[in-house]
Amino acid sequence: EKMARGPRKHLKRLNAPSHWMLDKMSGVWAPRPSSGPHKLRECLPLVLILRNRLKYALTYREARLILRDRQVTVDGKVRTDPTFPAGFMDVVELKRSAETFRVMYDVKGRFTLNRIQGKETGFKLCRVQKVVVGQKGVPFISTHDGRTIRYPAPGMKTADSVMVNIETGEIMQHIKFEVNNLVMCTGGRNGGRVGVVTSIEENPGSLTTVHVTDSAGRSFSTLITNIF
């Protein structure tokens, strides 16, 4: 039995992901995200959204009170945990101010909150992480935000995208991953860049590489795991 080294409930400010853009000097700690639909290094805790990004709270305590007032929903569910991990493509809604945001990446691969309204607030895109046949032969897919969706349309593959209805959790549309698609790079050195897939290079025995050209005509390549 190995014991865990160091506290698992804390996160030092210097070890926090740099895309949270916390300054070094204003404290020792950072909010450690709860375990949830997004990974520790690939999420933005709700307290940071309220306090550091939207400036609706000045302190952690104020952010906690806003959440405790059941004012914030993520993907249509009320979340009261200050360190709940919101991640890429999540829809964050603030009831009191009647605003809705989608968590996206900016050009540098940092999280930004894009205001959305109307129909946009009702769906989100999810990347298919794996396609599995479960118990009793029930096929299901796992998505990048920890959803499990049973009985997907046949022909779905890893790296495809699905459009998910937030209220029902059902698949509205299936977008195949292929050449000439518009993609966003969600990790690695090119994180946050958007472009069109020019070619998909399969390397048997190692990871598939995807070549992408952005709107300015600059091309870059990245691993398929970083492509959304």
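Biologist: Let's start with D75: why is this residue called buried?
Modeller: This is a predicted model, to be clear. D75 has a relative accessible area of 11%, and buried means under 20%, so D75 counts as buried.

Biologist: And how do you know that D75 forms a salt bridge with K124?
Modeller: The closest N and O atoms of D75 and K124 are 2.8 Å apart. The cut-off is within 4 Å, for a nitrogen of Lys or Arg and a carboxyl oxygen of Asp or Glu, so the D75 and K124 pair qualifies. The pair links distant parts of the chain, with D75 in the loop between β2 and β3 (77-78) and K124 in strand β8 (residues 123-133), 49 residues apart.

Biologist: Is K124 buried or exposed?
Modeller: Buried: K124 comes out at 0% relative accessibility, and the limit is under 20%.

Biologist: What makes D90 and K124 a salt bridge too?
Modeller: Their side chains meet at 2.7 Å, N to O, which again falls within 4 Å. D90 sits in the loop between β4 and β5 and K124 in strand β8, so this pair ties together parts that are 34 residues apart in sequence. D90 is buried, as is K124.

Biologist: Which residues are linked in a network of salt bridges?
Modeller: D75, D90, K124, D145 and R147. As for the whole structure, it holds 13 salt bridges.

Biologist: Take R115 and E99, then: why is R115 called exposed, and why is E99 called buried?
Modeller: R115 has 55% relative accessibility and exposed means over 50%, so R115 is exposed. E99 has 12%, under the 20% limit, so E99 is buried. Their side chains meet in a salt bridge at 2.2 Å, N to O. That pair joins R115 in strand β7 to E99 in strand β6 (residues 99-105), 16 residues apart.

Biologist: On to the helices. What makes α1 oblique to α2?
Modeller: The axes of α1 (residues 46-53) and α2 (residues 60-68) come within 9 Å and cross at roughly 120°. Roughly perpendicular runs from 65 to 115 degrees and roughly antiparallel starts over 145, so an angle of roughly 120° leaves α1 oblique to α2. As for handedness, α1 passes α2 in a right-handed crossing.

Biologist: Which residues of α1 meet α2 there?
Modeller: On the α1 side, L46, V47, L50 and R51 meet Y60, A63, I66 and L67 in α2. By class, that contact has seven nonpolar, no polar and one charged residues.

Biologist: Why is α1 called largely enclosed by the rest of the structure?
Modeller: Six of its eight residues are buried, so the label follows. The buried ones are L46, V47, L48, I49, L50 and R51. They pack against β1 (43-45), α2, β2 (72-74), β4 (85-87), β5 (91-94) and β7 (111-115).

Biologist: What phi does K55 take, just after α1?
Modeller: A positive one, about 60°.

Biologist: Last one: how do you know that D214 counts as buried?
Modeller: Its relative accessibility is 12%, and anything under 20% is buried, so D214 makes the cut. D214 lies in strand β15 (residues 209-214). Leaving aside residues up to four places away in sequence, D214 touches R193, V194 and G195.

How values were computed:
Residues numbered from 1 in each chain as written. Predicted model: local features only at pLDDT ≥ 70, side-chain atom pairs only at ≥ 80, totals over all residues. Heavy atoms only, no water. Axes fitted to C-alpha atoms, helices over the stretch in contact; angles between N-to-C directions. Helix = DSSP H or I, 4+ residues; strand = E, 2+ residues; numbered from the N terminus. Left-handed = near helix turned anticlockwise from the far one by under 90°. Contact = heavy atoms within 4.5 Å. Nonpolar A, V, L, I, M, F, W, Y, C, P; charged D, E, K, R; others polar. Buried < 20%, exposed > 50% of the residue type's maximum accessible area, 1.4 Å probe, protein only.
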